[in-house]
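Hi,

Here is the structure I said I would pass on. Have a look at it first, and my notes follow underneath.

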Amino acid sequence: MNMELSRRGFMKAAGAGVAATSLGAMGFGGAEAAVIAHVRPMKLASTTETRNTCTYCSVACGIIMYSKGDVRKGERAELVHVEGDADHPTNLGTLCPKGAALKDFVRAETRLRQPMHRRPGSDRFEPISWDAALDRIARLMKDDRDANFLASNADGVPVNRWATTGMLAASATTNETAWATFKVAKTLGIVGFDNQARV
Amino acid sequence: MTNAWTDIKNTDLVVVMGGNAAEAHPCGFKWVTEAKAHRGAKLIVVDPRYTRTASVSDVYAPIRQGSDITFLNAVINYCIQNDKVQWEYTKAYTNAAFIVKEGFGYADGLFSGYDEEKRDYDRSSWDYEFGEDGFAKVDPTLQHPRCVWNLLKAHVAAYTPELVERICGTPRQKFLQIAGMIAECSSPTKTMTSMYALGWTQHSHGAQNIRAMAMLQLILGNIGVRGGGMNALRGHSNIQGLTDLGLMSHLLTGYLNMPTEKEVDYKTYMASRQFRPLRPGQTSYWQNYSKFMVSFQKAMWGDAATAENDWCYHYLSKLDVPAYDILRMFELMNQGKVNGYICQGFNPLLAFPNRGKVAAGLARLKFLITMDPLETETARFWENHGDFNDVDTKAIQTEVFQLPTVCFAEDQGSLTNSGRWLQWFWPAATPPGEAKADTWIMAQIFLRMRELYRKEGGAFPDPILNLSWQYHNPGEPEPEELAKEINGRALTDLRDPADPSRILVEAGKQVVNFSQLRDDGSTMSGCWIYSGCFNEAGNNMARRDNHDPDNTGAHPNWTFAWPLNRRTLYNRASADLDGKPWDPSRKLLEWDGAKWVGYDVPDIAPTAKPRDVMPFIMNQEGVSRLFARGMLRDGPFPAHMEPFESPIANPFNPKMRGNPVGRIFESDVAQFGTSEEFPYAATSYRLTEHFHYWTKHNRVNAALQPEFFVELSEELAREKGIAGGSWVRVWSKRGSVRAKAVVTKRIRPLICDGKTVHVIGIPLHWGFVGAARKGFGPNSLSPFVGEANIETPGYKAFLVNIEPSTAPRGGVVA
């Protein structure tokens with residue numbers, strides 16, 4: 001699998017080769033050690049590379065994400081750079097003005113960091129723990145479902161509709177997230193269920 | 001897309017109408033540039049604005065927004081009049097020869113069967129004449145006066161270049177130049193591709209816009225071939241995936257349908273889904289419906305779904321309306337009939353039409369839950385931001401939960417692009433703070449509710465208690481587990497029907513693809529069309545072999561394309577009746593005497609004999625449809641319809657407003673404006689630096705196009721005394737915005753029906769959270785109208801007024 005042939009490794013090898021050859025050709029073979037001693041290694045050489053797909057439009061350009069740390073090894077990882085994936089058949093390494101600035105989307109100041117709660121009539125959000133938020137949500141949803149679930153229509157046909165709570169699903173999530181979301185929403189009987197494709 | 005982005009390089013002519021690919025899909029548009037540079041392809045752009053796509057076109061024509069059907073019907077008429085038809089293809093692969101029953105007609109802009117009271121058609125006359133053998137009658141000579149071809153010919157006869165000029169405002173000579181270029185693609189060795197997006201869908205007659213072009217492509221023989229096709233550019237990165245997986249009110253997965261109340265039991269539901277072939281020997285692949293449906297029910301409810309209980313058919317909701325679509329839900333919210341709403345990665349306050357109505361609806365909820373990686377206006381709809389969100393915070397009693405989610409960089413899984421490629425990706429970063437995966441959040445809500453139902457009982461707990469939820473960690477299903485479930489597996493040993501001693505798939509193993517699914521409960525599959533994505537060969541969506549034998553653009557081993565890794569839909573139609581490619585230089589498939597071979601997975605049974613089995617295997621006819629029978633609510637042929645708010649009356653029927661069966665609610669009728677009060681034709685669009693409302697959180701993109709503006713022509717600016725860069729107020733019957741004026745040559749006044757029509761362009765991006773300046777969007781102005789078939793709101797054609805103004809109140813920087 002060509003993922004194993006790391007671009008970073010390739011660049012490292014190629015870079016060192018070029019330096020050694022040209023210096024050698026000019027008769028500075030002895031200077032090599034001195035050069036290596038003070039030239040900083042390429043910044044991306046110490047990062048982890050990950051293949052991903054641009055999150056914006058459905059052209060779905062391939063991207064390479066460079067992080068400090070490796071999430072797959074359980075490390076904390078911080079995204080430091082994004083570039084187009086030259087191996088990707090559609091975009092061949094290119095990116096548009098949105099894709100080229102993807103890092104700033106991931107690291108936007110307005111990324112949400114903790115669950116927040118707004119009480120009725122309040123003018124502010126207040127932090128809430130995940131447990132408290134999820135317990136309260138499950139309670140609100142169940143109470144609404146129990147109160148308004150339509151088990152059958154006037155003709156006695158089972159219709160199983162819960163029309164008083166609706167859901168919009170996100171068409172930038174994965175197919176796998178979508179399937180899990182679908183299962184939960186449809187099994188609860190939420191009929192007011194749509195995604196951006198409706199718009 | 002029927003084809004793929006990389007296939008566009010094979011085309012001879014690109015028509016961009018209803019889209020602006022250079023701006024909205026820049027890296028995909030490079031394949032147009034490739035076709036121009038290396039094949040000498042030409043690019044035609046038809047758009048109300050001289051867009052960035054138009055700036056690199058060979059021919060640009062202006063058109064009034066909402067009048068595309070007239071333009072396209074006129075091109076069809078031109079091709080028929082000038083004998084520019086791919087005859088062999090049209091006769092063999094379309095329903096041109098099918099005979100329509102007596103009683104079908106069209107007059108005064110309406111088809112037979114219209115009921116003004118119900119705003120609906122009785123569609124029973126829109127069908128074929130059937131013989132005693134049950135098959136549709138055909139006349140291969142095309143002589144029968146009621147064969148589809150002659151009806152089509154008569155239907156489009158009214159669409160002359162003069163009518164195009166009158167309705168669309170497109171100069172006659174410009175139209176004729178374009179029609180001539182398109183007509184050349186009727187040659188079997190010339191292909192045209194259609195690239196379209198929301199400029200076609202967001203109308204009350206969106207489906208008919210697309211049909212008109214699809215019909216043109218069929219009579220030119222451009223469907224199923226390299227460099228051809230109907231290519232919906234699509235929006236979000238996985239909008240195709242969420243549609244395929246049926247996250248919509250009226251759908252189940254893989255285009256199976258939610259049942260309606262009339263389908264009182266499973267037998268009744270299946271009775272209308274037998275998909276008997278309408279011509280001898282045809283495939284009619286939907287005959288396998290029950291296999292996919294039962295496998296879906298087994299994926300949902302596992303062992304609880306049995307033959308005895310009709311596979312838990314009654315666990316499914318039964319709809320009493322076509323759909324509880326977004327517009328209906330916000331209408332119901334305004335009526336006080338909705339209590340809770342969950343917005344997962346969705347910002348309806350900026351995305352849905354008539355923002356005033358949307359905000360009023362949200363304020364009537366008891367609870368709102370948002371799940372998003374970023375701040376959204378919706379989560380803060382109760383916060384006062386001066387003119388930008390002028391609400392009475394204290395009066396809003398909605399309880400709001402804002403839940404932080406991961407974004408793509410921290411997630412893993414597959415996304416389906418517009419070319420139907422399911423591409424797997426891997427996580428690169430740690431989520432910020434306490435942000436969680438959507439799968440975790442959905443699982444946590446579900447497990448808590450299931451526990452409550454276990455403990456307390458409640459309304460019909462059965463589907464909840466029995467939902468199949470067998471994951472390694474039920475609190476957070478893993479992407480691979482979910483993907484395997486979507487693919488499907490054998491629940492018991494699957495034996496070869498021809499040789500029962502032979503086991504095809506052992507119990508517990510993944511099925512190879514949907515051809516192994518069965519309707520006896522022995523298989524499960526979450527989404528049949530995706531089956532094959534993750535089988536015993538592994539995760540095919542993660543494949544990264546980018547080789548492309550003979551540079552066809554197919555890249556067959558790159559990830560996985562649905563269905564069955566097929567890259568071009570209807571590819572059997574790339575060859576003639578005998579199975580020889582129409583254009584040997586653009587071969588996709590050919591018949592080798594025993595089977596279909598070539599560059600792509602055949603879109604037909606591999607041994608289906610040419611001349612016997614026709615290429616459009618999903619249709620009961622085996623051929624494609626120029627006449628859609630009763631399958632669309634607003635007509636078997638596309639006919640000109642004006643937008644609900646239009647600067648001119650419909651020349652076919654001046655009394656008819658909008659789409660005669662377009663979906664409107666009583667409460668919205670009073671909010672439609674007239675051209676007397678609102679003389680200007682508005683449209684909406686997006687800029688290349690922006691992606692909807694997301695990029696305003698990103699300083700780079702926010703700075704590149706920093707401020708909300710509207711575009712207008714120099715002529716209108718002069719008339720209204722508006723200077724470039726000055727503040728203007730734009731308002732409709734529903735709302736008002738303030739913006740900077742961009743006075744431009746890119747928009748020119750049109751002359752339609754003898755009237756000067758000024759177009760005003762309104763881009764979307766701005767709101768009141770994020771790194772960008774505060775601003776408005778077109779949804780403050782646009783009408784609450786749903787497309788007749790699918791209820792998509794119309795954003796592309798409505799009426800506004802404009803005047804010089806001052807800056808909005810409430811601070812400009814978010």
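**What I found**

The buried residues of α18(B) are covered by a set that includes α5 (175-188) of chain A, together with α12 (289-301), β13 (413-416), β19 (534-535) and β20 (538-539) of chain B. Bear in mind throughout that this is a predicted model.

Staying with that helix for a moment: α18 of chain B spans residues 479-487, and its buried residues are Pro479(B), Leu482(B), Ala483(B), Glu485(B), Ile486(B) and Asn487(B). Just past the end of α18(B) you'll find Gly488(B), with a positive phi of about 100°.

**Where the chains meet**

How many residues does each chain put into the contact between A and B? Chain A gives 105 and chain B gives 136. On the chain A side, these break down into 53 nonpolar, 30 polar and 22 charged residues.

Strands pair across the two chains as well: β4 (residues 116-118) of chain A runs antiparallel to β12 (residues 399-404) of chain B, with three bridges joining them. If you want a residue to click on, take His117(A), whose bridge partner in β12(B) is Phe401(B).

**Chain A**

Chain A has five helices and nine strands, and along the sequence they come in the pattern α-α-β-β-β-α-β-β-α-β-β-β-α-β. Of its 199 residues, 47% count as buried. If you take the contacts in chain A with a separation of 6 or more, 38% of them are between residues 24 or more positions apart.

The chain is split into domain 1 (1-45), domain 2 (47-110) and domain 3 (116-198). Between the C-alpha centres of domain 2 and domain 3 of chain A there are 32 Å.

There is also an open sheet of three strands in chain A, in the order β1-β2-β3 and with antiparallel pairing. Its edges are β1 (48-53) and β3 (78-84) of chain A, each of which pairs on one side only. From one strand to the next the twist averages 30°. β2 of chain A (residues 62-68) shares six bridges with β3(A), in the antiparallel sense; as a marker for the register, Ile64(A) sits opposite Glu83(A) in β3(A).

**Chain B: the two domains**

Chain B is divided into domain 1 (5-232) and domain 2 (666-804). Their centres, taken over C-alpha atoms, are separated by 28 Å. The contact between them takes 23 residues from domain 1 of chain B and 27 residues from domain 2 of chain B. Which elements give two or more residues to the domain 1 side? They are α1 (21-24), α6 (161-168), α8 (198-201) and α9 (206-219) of chain B. By class, that side has seven nonpolar, 11 polar and five charged residues.

One residue I looked at more closely is Ser67(B), in the loop between β3 (59-61) and α3 (68-81) of chain B. Is Ser67(B) buried or exposed? Ser67(B) counts as buried because 27 other C-beta atoms lie within 10 Å, where the cut-off for buried is 20 or more. Leaving out residues up to four places away in sequence, Ser67(B) touches Ile167(B) and Cys168(B). Asn209(B) is 142 residues away from Ser67(B) along the chain, yet their C-alpha atoms are 8.8 Å apart.

**Chain B: what UniProt lists**

There are two spans to mention here. An unreviewed UniProt entry places "domain: Molybdopterin oxidoreductase" at residues 1-381 of chain B. In the model, that span is 35% helix and 10% strand, with its end C-alpha atoms 36 Å apart.

UniProt (again an unreviewed entry) also lists "domain: Molybdopterin dinucleotide-binding" at residues 682-749 of chain B. Over those residues the chain is 19% helix and 34% strand, and the end C-alpha atoms are 12 Å apart.

For the strands in that part of the chain, start from β27 of chain B (residues 736-744), which runs parallel to β25 (residues 709-713) of chain B and is joined to it by five bridges. Here Phe709(B) stands opposite Lys740(B) in β27(B). β26 (residues 727-731) of chain B also has five bridges to β27(B), but runs antiparallel to it, with Val728(B) opposite Ala739(B). A hairpin of four residues links β26(B) to β27(B).

Cheers

Note on methods. Residues are numbered from 1 along each chain as its sequence is written. Chains are lettered from A and ligands numbered from 1 in the order in which they are written. This is a predicted model: local features need pLDDT of at least 70, side-chain atom pairs count only at pLDDT 80 or more; totals for chains, interfaces and linings use all residues. A residue is buried if 20 or more other C-beta atoms lie within 10 Å of its own, exposed if 12 or fewer, and partly exposed in between; C-beta atoms are placed from the backbone. Two residues are in contact if their C-beta atoms, placed from the backbone, lie within 7 Å. Domain bounds come from an automatic or database domain assignment. Ala, Val, Leu, Ile, Met, Phe, Trp, Tyr, Cys and Pro count as nonpolar, Asp, Glu, Lys and Arg as charged, and the others, Gly among them, as polar. Two strands pair if DSSP finds at least two bridges between them. UniProt positions are given in the numbering used here, feature names are shortened, and annotations may be inferred rather than shown by experiment. Axes are lines fitted to C-alpha atoms, for helices over the stretch in contact, and angles run from 0 to 180 degrees between N-to-C directions.
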